[in-house]
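Here are a few exercises to work through with the model open beside you. Try each task before you read its solution.

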Amino acid sequence: MNTKTLGSLFTLGLSAFAWAVAPVEISLGQSLLVDDFADKDMASSLGPWSVYPDASGKTTVQHSFVSNAGVNGTTNAIRVDYSLDGSDDLGYNPFIEIKVYMATDSLARDMSNCNEMQYEYRGNNTHYFKAIGSINVEDNYHRKEFDASDSWKSVTLHWTDLVQGELEYWGREANVNDVKKNLIGFVWQVQDYDGTEGFLGCSGHCQGLCLGAMIIDIH
């Protein structure tokens, strides 16, 4: 049984840059609540959450809300139980993902103020953290992989840490700065072989930590 728990706490802060289309407005040093799962639904203060398995494969997922008291002050979590299957149909290893959109209409928002991201996770399987924009990269999203951890582990990344690692094989290249100006959402993804079972959970409230930049802090 492979298990994974991710805690999600997003923090957004304001930088000094101005764009033709105004970025999401957050006062310097202030915080923006995205979701604390207190109402146990699939809607954050910015946009909806979604849970997605490979549609044409045999992977199954079921989400629920569970108590997660004591992890950075959070009380609830969204939990996704999964069983990965379908590589013969898909032609690649199956995956599941949890995604939070940056807008209620699931369209892109300008997140130019975001310069740094941080989150905490635990689990015995690797996962990808991805930034999904409206820029057409042919599914080769900017991402970073993180190893399994039995205890809660904090990671901090800059946008330049998110890379398109498969460009020599497939996908279209894009500047990560263009992605964050046209950001649709963030994704936590587990991808593994047929027969992998486990759970992926996101918990937390999203608050601001402004260090001269916008921080996304996932706990």
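**Exercise 1. The sheet**

In what order do the five strands of the open sheet stand, and is the pairing parallel or antiparallel?

*Solution.* Keep in mind that this is a predicted model. Start with the order, which is 2-5-10-7-8, with antiparallel pairing. Next, look at the ends: strand 2 (49-53) and strand 8 are the edges, and each has a single partner strand, so one side of each lacks a neighbour in the sheet. From one strand to the next, the twist averages 20°. Finally, check the pairing at one edge: five bridges join strand 2 to strand 5 (residues 95-101), and Ser50 has Lys99 in strand 5 as its bridge partner.

**Exercise 2. Strand 7**

Find the strands that pair with strand 7, then decide how many of its residues are buried.

*Solution.* Take the partners one at a time. With strand 8, strand 7 pairs in the antiparallel sense over five bridges, and Tyr128 stands opposite Glu145 of strand 8. With strand 10 (residues 183-191), strand 7 is again antiparallel, over six bridges; here Ile132 has Gly185 as its bridge partner.

Now turn to burial. In a regular strand, side chains alternate between the two faces of the sheet. On strand 7, His127, Phe129, Ala131 and Gly133 point one way, while Tyr128, Lys130 and Ile132 point the other way. Both sets are buried, so the count is seven of seven residues, with buried meaning under 20% relative accessible area.

**Exercise 3. The cavity**

Which residues line the largest cavity, and what classes do they belong to?

*Solution.* Begin with the number of cavities: the model has one of 30 Å³ or more, and the largest holds about 30 Å³ of space. Its lining consists of Ala131, Gly133, Ile135, Val137, Tyr141, His142 and Val179. Sorting these by class gives five nonpolar, two polar and no charged residues.

**Exercise 4. The salt bridge**

Locate the side chains that meet in a salt bridge, and decide whether each is buried, partly exposed or exposed.

*Solution.* There is one salt bridge to find. Glu138 and Arg172 form it, at 3.2 Å from N to O. Glu138 sits in the loop between strand 7 (127-133) and strand 8 (142-146), and Arg172 in the loop between strand 9 (149-158) and helix 2 (176-181); the pair is 34 residues apart and links distant parts of the chain. For exposure, Glu138 has a relative accessible area of 39% and Arg172 has 41%. Partly exposed covers values between 20% and 50%, so both residues fall in that class.

Notes. Residues are numbered from 1 along each chain as its sequence is written. This is a predicted model: local features need pLDDT of at least 70, side-chain atom pairs count only at pLDDT 80 or more; totals for chains, interfaces and linings use all residues. Side-chain values use heavy atoms; hydrogens and water are left out. A salt bridge is a side-chain nitrogen of Lys or Arg within 4 Å of a carboxyl oxygen of Asp or Glu. Helices (H or I, at least four residues) and strands (E, at least two) are DSSP runs, numbered from the N terminus. Buried means under 20% relative accessible area, exposed over 50%, partly exposed in between (1.4 Å probe, protein chains only). Two strands pair if DSSP finds at least two bridges between them. Axes are lines fitted to C-alpha atoms, for helices over the stretch in contact, and angles run from 0 to 180 degrees between N-to-C directions. On a 1 Å grid over the protein atoms alone, a cavity is a set of points where a 1.4 Å probe fits but cannot get out, and a pocket is an open set with protein on both sides within 12 Å along at least five of seven lines; lining residues have an atom within 4 Å of a point. Grid points are joined across faces, edges and corners, and a volume is the space filled by probe spheres set on the points. Ala, Val, Leu, Ile, Met, Phe, Trp, Tyr, Cys and Pro count as nonpolar, Asp, Glu, Lys and Arg as charged, and the others, Gly among them, as polar.
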